[in-house]
Amino acid sequence: MGSKSDWATMEGAAEIMDALGVSYHVEVVSAHRTPVKLAEFAESAVDKGFKVIIGGAGGAAHLPGMVAAHTRLPVLGVPVQSKALNGMDSLLSIAQMPKGVAVGTLAIGTAGAFNAGLLACQILAITNAELANKIEAFRAKQTETVLANPDPREA
Ligand SMILES: Nc1c(C(=O)O)ncn1[C@@H]1O[C@H](COP(=O)(O)O)[C@@H](O)[C@H]1O
């Protein structure tokens, strides 16, 4: 993520990866503030054994796109909600990548961060049957919870 201030949003990704037993690495890396570190991080990611990268950033959110420019690993971008423009700036700067360099864009804010973690796990589950079973179980439980309490007036 681009700043420590993004952690309150990005911890949603950690939450679901913890729940599914997937290990991850968390670090502040910024295209603007630490450009050399960002390039080194992304360029060494394959050799370090990373499989998927989640990039969360707010405002002029160039981080996910710049990471994607430096690695062939899938990059999932989370638009962090900004103060001035409520995250529309983050969303558009992550989503509107030029043809040829792909970033998967999630929703603005905490739901997007959670879903980025979930989607990363789903990508890993393509070649990991145990993880695939855990994701199926997570979804079945979620469905059960919603079906068990359909009255919107009840907590
Ligand atoms: N968008 C970027 C990048 C980048 O894209 O490289 N680096 C930091 N930031 C964002 O600046 C916002 C404010 O950061 P501070 O709270 O540190 O001032 C954060 O949401 C961060 O992701």
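Here is a friendly exchange about the predicted model shown above.

Biologist: Before we start, what pLDDT do local features need in this predicted model?

Modeller: Residues are numbered from 1 along each chain as its sequence is written. In this predicted model, side-chain atom pairs count only at pLDDT 80 or more, totals for chains, interfaces and linings use all residues, and local features need pLDDT of at least 70.

Biologist: Thanks! Is strand S2 mostly covered or hardly covered?

Modeller: Strands (E, at least two residues) and helices (H or I, at least four) are DSSP runs, numbered from the N terminus. A residue is buried if 20 or more other C-beta atoms, placed from the backbone, lie within 10 Å of its own, exposed if 12 or fewer, and partly exposed in between. Val75, Gly77 and Pro79 point one way from S2, Leu76, Val78 and Val80 point the other way, and all are buried. With six of its six residues buried, S2 (residues 75-80) is mostly covered.

Biologist: Lovely. Which residue of S3 is the bridge partner of Gly77?

Modeller: Two strands pair if DSSP finds at least two bridges between them. S2 runs parallel to S3 (residues 104-105), and two bridges join them. On its S1 side, Gly77 stands opposite Gly55, while in S3 its bridge partner is Thr105.

Biologist: And what is the handedness of the unit made by S2, H4 and S3?

Modeller: A crossover is right-handed if, with the strands pointing away from the viewer, the path from the first strand over the helix to the second runs clockwise. The unit of S2, helix H4 (residues 88-95) and S3 is β-α-β, and its handedness is right-handed.

Biologist: Good to know. Which element gives the most residues to the largest nonpolar core?

Modeller: Such a core is a set of buried Ala, Val, Leu, Ile, Met, Phe, Trp, Tyr and Cys residues joined through C-beta atoms within 7 Å. This one has 35 residues, and among those touching the most other members are Ala13, Ile54 and Leu76. With six residues, the element that gives the most is H5.

Biologist: Now H6, please: how far apart are its end C-alpha atoms?

Modeller: H6 is hardly covered, with a count of zero buried residues among its 20. The expected span is 1.5 Å times one less than the number of residues. For H6 (residues 129-148) that should be 28 Å, which agrees with its end C-alpha atoms being apart by 28 Å.

Biologist: Last one: why does Met66 count as buried?

Modeller: Met66 is found in helix H3. Met66 counts as buried because its C-beta neighbours inside 10 Å number 22.
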